[in-house]
Amino acid sequence: MEKNQPSISEIDRRYLDAALRFARRNQGQTGTNPSVACVLVREIDDEFQIVGSGITAPGGRPHAEPIALAEAGERANGATAYVTLEPCAHHGRTPPCAQTLIDAGVMRVVAATKDPDNRVDGKGFQMLKSAGIETIFENIGENSARVVQAYLKSKTSNKPFVTLKLAMTAEGVMGLRGGGQLELTGSIANAQTHLLRARHDAILVGINTILFDNPALTCRLPGLESRSPIRVILDANAQLRDSHTVIKTAKQVATIVATPNQMPEEYQRMLQQSGGIQLACELDNGHIALPELMDDLRARGIQSLLVEGGAQVAASFLKEDLVDEIMLLEAGLPPALDETIEIVLAPFTASKLPQGFEIREELRFGDDRCLRLGKLES
Ligand code: AOF
Ligand code: ZN
């Protein structure tokens, strides 16, 4: 090793960070499995080299480790495995990943998070240690947590991890009452919104967003079109029609419509014919009961949910304490508004954050600002 080479822990951190970034690639694509990354590194001729890497495949299997080991082949022998999650200890469609790492001759394992799945839950680390493998658990703070936050939340609470995304002006103007699109943010922010969609299992809007804006709610970034999330529409009063884009395209992109139990026959037929999936829900004061809906979505395997539509829906999610993270997009160059027009105001602004949230990150998307708000520890 050269003299000025960083200490081993800095190298560990660098590769663990690389694995964490890598794991983000399949977020929203792995069903009830977390998107895990495994990076295998070996010192060859005094240089550290990545000899194999893998991410949990779309759908959840194979796991990351066998993919990385297959790429590394013989070179896995003596390598360090950087994994974003404790390697599994259970037999699924393949043997436990901990055992696969042992069999391949991996020398060290550095993991960023523990796995609360009761089939794993420390047993993965134990297997590795018992085989004489140096096993390091190095939680590197928010970086580690963010990659598995949806998995951890859905595993421990039976509800999906909810990200609320709202675009507004500095004064909190979100749109015009009665519809009419207001172009608030620029192309960079809009592309980021589509990336956010790709990274979530599902996206949810209220019926007013459909009635006023008729959005597609898909990911339309070139090359990522197949990563559109499942769409969830709240429709307590049978207002959805087959002329709406989400219904017209329900055979291409899964569309769940949350409705009351009893719906007009004609409406049910319309949903069936279009390929929409009706989800019968409890009502709360004439609205779809959100906590119960969250339980139902989780039971359908949805780990992460992006709530995108409507000031009222946003306020309801906050009131029910169902929001885990907020992406607040503040328009840098908002359109001029005629004072006679009635506007829709957001339930909070960047200068008046919702109670219980704090700024975790501030990003610039061209002229626009994006604040990532996280929940304060209670
Ligand atoms: C790993 N590497 O890449 C992933 C793991 O249904 P199964 O058999 O795929 O098991 C799902 C569980 O496997 C999941 O709850 C989590 O504990 C673990 N996911 N483990 O070693 C991976 N995705
Ligand atoms: Zn595994």
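Begin with the whole protein in cartoon representation: eleven helices and 18 strands make up its secondary structure. The model is a predicted one.

Keep the full set of C-alpha atoms selected for the overall dimensions. Along the principal axes, these atoms fill a box of roughly 70 × 45 × 40 Å. The radius of gyration is 23 Å, which agrees with the value near 21 Å for a compact globule of 378 residues. Among contacts with a separation of 6 or more, 70% join residues 24 or more positions apart.

Switch next to the surface. The protein exposes about 17900 Å², and carbon and sulfur atoms supply 47% of that area. Of the 378 residues, 51% count as buried. Colouring by charge brings up 39 positive and 48 negative charges, whose mean positions are 3 Å apart.

Now display the aromatic side chains. Two aromatic pairs are counted. For the initial stop, select Tyr15 and Tyr82: the ring centres are 5.6 Å apart and the planes lie at 35 degrees, so the pair is tilted. Tyr15 belongs to helix α1 (residues 8-23) and Tyr82 to strand β3 (residues 80-83); the pair thus links distant parts of the chain, 67 residues apart. Tyr15 is buried at 11% relative accessibility, and Tyr82 is buried at 2%.

Move on to Phe125 and Phe137. Their ring centres are 6.0 Å apart with planes at 45 degrees, so this pair is tilted. Phe125 sits in helix α4 (residues 123-130) and Phe137 in strand β5 (residues 134-137), so the pair ties together parts twelve residues apart in sequence. Phe125 is buried, with 9% relative accessibility, whereas Phe137 is partly exposed at 34%.

Note on methods: Residues numbered from 1 in each chain as written. Chains lettered and ligands numbered in written order. Predicted model: local features only at pLDDT ≥ 70, side-chain atom pairs only at ≥ 80, totals over all residues. Heavy atoms only, no water. Helix = DSSP H or I, 4+ residues; strand = E, 2+ residues; numbered from the N terminus. Rg over C-alpha atoms; globule rule 2.2 N^0.38 Å. Buried < 20%, exposed > 50% of the residue type's maximum accessible area, 1.4 Å probe, protein only. Contact = heavy atoms within 4.5 Å. Areas by Shrake-Rupley, 256 points an atom, 1.4 Å probe, with all protein chains shown as cover. Lys, Arg positive; Asp, Glu negative; His and termini not counted. Charge placed at Lys NZ, Arg CZ, Asp CG, Glu CD. Phe/Tyr/Trp six-rings, centres within 6.5 Å; stacked < 30°, edge-to-face > 60°.
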